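New page in the notebook. I'm opening this one up and jotting down what I look up as I go.

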Amino acid sequence: MRLSCTVNGTPRQVDDVWEGESLLYVLRERMGLPGSKNACEQGECGSCTVYLDGLPVCACLVAAGQAQGREVGTVEGLAPAGELHPVQQAFLEAGAVQCGFCTPGLLVATDDLVTRSRAEGRTPADAEIREALAGNLCRCTGYEKILDAVRLAADRMAGDPR
Amino acid sequence: MSTPTRAPSGAPSHLTGPGGGRVGDDAARPDGVLKVRGEFAYGSDLWMDDMLWGVTLRSPHPYARIRSIDVGAALAVPGVHAVLTSDDVPGEKVYGLELADQPVLALDVVRYQGEPVALVAADHPDTARRAAARIVVDYDVWEPVTDARRALGHPTWNQVHDSPAEVTELSRESAHLHPHGNLVRHLKVRRGDPAPTADVVVVNEYEVGMQDQAFLGPESGLAVPGEDGGVDLYVATQWLHVDQRQICAALALPPERVRLTLAGVGGAFGGREDLSMHVHACLLALHTGRPVKMSYNREESFFGHVHRHPATMRYEHGATRDGDLVYVKATIYFDGGAYASSTPAVVGNGGTMGIGPYVVPNVHVDCYGAYTNNPPCGAMRGFGSVQTAFAYESQMDALAAELGMDPVDLRCRNAMEQGSEAITGQVVDSPAPVVELLRRLEAMPLPPEVPTGDAVDLRDMPGGVSNSTHGEGVRRGVGYAVAYKNVAFSEGFDDYSTARVRLEVVGGEAVATVHTAAAEVGQGLVTVEQQIARTELGVDRVTVHPKDTAVGSAGSTSASRQTYVTGGAVKAACEAVRARVLERARSVVGRPVADLRLDGGKVVSDLEGVALPLADLLGDEAVEETLEWRHRPTEAVDPETGQGFAHVQYAFSAHRAVVDVDTELGLVKVVEMACTQDVGKAINPQAVVGQIQGGTAQGLGLAVMEEILVRDGRVQNPSFTDYLIPTVLDMPPVRVEILEYADPHAPYGLRGVGEAPNISSGPAVLAAIRQATGLPLTRVPVRPEHLTGT
């Protein structure tokens, strides 16, 4: 099967994709984009969260063929080369990264949350942050510093008109 | 010498990072930017264009004899390059951390469900999996031995106490699982009066379920065959050199032909101390002459690593009416599962620290580790102390209730302090601020009362947004617990680390390079290595060399020991480098200078106005030192009494838990956790707090949700759907207060941090649930049916 889709704004075409392969497998093993992580491959941990046409999904649960002709966004596309997205910067500053395996998925989920709330002209409340990130497991941090990072990013992005 | 082989795409490279931060600062991680960009290469991210994928066929039975294995159909699958069984293991057929008792691939008998039986390498992971499913294994299925006490011939508690040290005639259930029997280790601790009496006696039995490390990054690595007939393995692990030793034995190759490099590690928590895919990937690579990648899926990960030992424990505490502990008797059984792994050391910890940080004149502890046909158990954060802490801290609460005392007052009254004797007779010769940790917790403000009426936000209720309660049956409880844990390896183990430090001038700037084999598993050791080098050598730029076996062993990233031991090695190597540089500076100056030191890339003396740039002093030459560093030695304990200088350092932490329990539905919401911990010296305060909060979450998980359910030797829940770890909705705010009472024996006065908070948080949650419900609750994890009596 030939798969054509747009990944991080760039049109990509991959040949010989087997119908049983997930979008996660194609991103990681065929496109050389291993940023989305393979922690459970059953949609429970959120480590492989990517944007599919602007909505966050678990890439492990998306059959590769479902991405045909669609737009995929991964952690590698959050910021231009050499720069850091405010969410990435906040995770670093807050100490929210330990082993970092959950981080790419959390960054996409956080970006989605703060982007949505910024569009509504506000920052997310703690209960809302917890609900938004409840599908992303982290085994290292106990989440406290991740919450700090999300609050920090949301505050900074609220003042950014982009 | 090693033969250079092509490094895989994404292989670890030198980490330099954002720079800045000395000992005591919140220095940034050098791997942080890579991690947030998705560019940090974990074991499962490695790739070579001609690589194959390896998979493992595992036993579906917990106990069976293998009559035959037919691999013909698997080999016939197009795309398959190799199918291997134990016959293809060229060297030692069994391996193990302490005892070599675990087959690389099953020999004649499988002893647990999930035991590796055969390997397949193919050009696509699904091809390999489909081929593995076509291997025909003829099993003669046997009845598994699944109860540790029965495995030892100790059918009941009473019988144990009638003949405490005797292994009675083996029953049918306790067939010999290994040639030397089912006892892995029995540790005795005997102290004081063997038949003490007390005013008040509390006896209870406790049970702790099987917890999993549940690190997120699956077991993964890439083995690349070398031109010299050896192999390069890039792997996520905790201890490169102990892996190398076992791999060399299995492959019958010398160490110089088995070269390991640490791939990115997605968490470990003890679960990567044992081999998983290491030998398997190397075998497949050597057989096919191609690079072979193996990466477990989540189900296989549950079968592919050891778990925390489940425990059954009987404790008897005797005290005076005033609340002074008179004696403690304890019998502890750890279920080690099918193979020994680190069970002997877990038994050592469970026994020697089995009554907690309390001073007790009369002690009688028996701690057993047993073989069964359950999944193998080994290292997990807290290592032998997590289980016993549930029991002894529950006992302290039960005793306080019996005496009508406040549980914190009872603990403080009996608490160990500096100068106290542990139950091993070892004098605690560094600060032991148990009382202060508890009193500081008590002084912290409590969270607001349980909301009622219109103030109820359902998201704050037990059960959360499932809208199952409006608070009508909700009761609040507050509980306290203390942790007590040895740091580093004990009982006479030669526990050293090796560091190579180089100082040179690159592009006019002084640069230090730190090379150790110490595994960074997420905890932040790479940051600490940089901080120490910056502090000792007065430079800003410090590069961390990839972790590999081209330098000597650093020991294991476990036992809260790496900052202590590898930190100590890096410090010592820096001091040796500094001494040589200063010596050279003195010869350049041509006279003795009293206060010479390294600062800002220069040799300086404020008193004498000396400022020699390293660029001038060193020129093109690098100053390099490699050395091994050891903490002070410990000793084996006496086999009959458990007495001896067993542990180099203790870590102490305490937790207060506040919980809301819906007593009608059996649901628990932890409202707040507070932790106080003495870390001696916080080398990186932000990382220390991160360790405490993460450890708190794992202890909370064991208290209320985490358990591998094993029925008749079969795992019921090998997935993140059914094995629950705390989500951000399950974790409350964690308030942390750090004490820094320097340990005079440790580098910078530091104390190992990682494990203690994992030990005290669970018992505190349990104590809080008991206070809310009035139920005795002697088993963890606590389940809804335990709270509703259904």
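**Entry 1: a hairpin in chain A.** I started with strand β1 (residues 3–7) of chain A and strand β2 (residues 10–14) of chain A, which pair in the antiparallel sense over five bridges. A reminder to myself: strands of a sheet pair through backbone hydrogen bonds, either parallel or antiparallel. I should also note that I'm looking at a predicted model.

I then checked how β1(A) connects to β2(A): they form a hairpin, with two residues between them. One bridge I looked up is at Val7(A), whose partner in β2(A) is Thr10(A). In the turn I found Asn8(A), which has a positive phi of about 50°.

**Entry 2: Thr49(A).** Staying in chain A, I picked out Thr49(A), which belongs to strand β3 (residues 49–52). Is Thr49(A) buried or exposed? Its relative accessibility is 7%, and since buried means under 20%, Thr49(A) counts as buried.

Next I looked at what surrounds Thr49(A). Setting aside neighbours within four places in sequence, I noted contacts with Pro56(A), Val57(A), Gly105(A), Val108(A), Ala109(A) and Asn136(A). I also found a polar atom of the Thr49(A) side chain 2.5 Å from the backbone oxygen of Gly46(A).

**Entry 3: a sheet in chain B.** Moving to chain B, I found three strands in an open sheet, in the order β6-β2-β8, with antiparallel pairing. The edge strands are β6 (109–110) and β8 (136–141) of chain B, and each pairs on one side only.

I followed strand β2 (residues 64–70) of chain B across to β8(B): six bridges join these antiparallel strands. Among the residues there, Ala64(B) has Val141(B) as its bridge partner in β8(B).

**Entry 4: domains of chain B.** I wrote down how chain B is divided: domain 1 (52–142 + 227–265 + 272–296), domain 2 (431–483 + 649–788) and domain 3 (496–630).

I wanted to know how domain 2 of chain B meets domain 3 of chain B. Their centres, taken over C-alpha atoms, are 40 Å apart. The contact takes 14 residues from domain 2 of chain B and 13 residues from domain 3 of chain B. About 1,100 Å² is buried between these two domains, and carbon and sulfur atoms give 61% of that area.

Which residues of domain 2 of chain B lose the most area to domain 3 of chain B? I got Ile683(B), Pro747(B) and Tyr748(B), together 46% of what that side buries.

Last check, on what links domain 2 and domain 3 of chain B: I counted zero salt bridges, but four residue pairs in polar contact, both residues at pLDDT 80 or more.

Methods:
Residues numbered from 1 in each chain as written. Chains lettered and ligands numbered in written order. Predicted model: local features only at pLDDT ≥ 70, side-chain atom pairs only at ≥ 80, totals over all residues. Heavy atoms only, no water. Helix = DSSP H or I, 4+ residues; strand = E, 2+ residues; numbered from the N terminus. Buried < 20%, exposed > 50% of the residue type's maximum accessible area, 1.4 Å probe, protein only. Polar contact = N/O pair within 3.5 Å; in protein donor to acceptor, adjacent residues only side chain to side chain. Contact = heavy atoms within 4.5 Å. Pairing = 2+ DSSP bridges. Domains from an automatic or database assignment. Buried area = accessible area lost by both parts, 1.4 Å probe. Salt bridge = Lys/Arg side-chain N within 4 Å of Asp/Glu carboxyl O.
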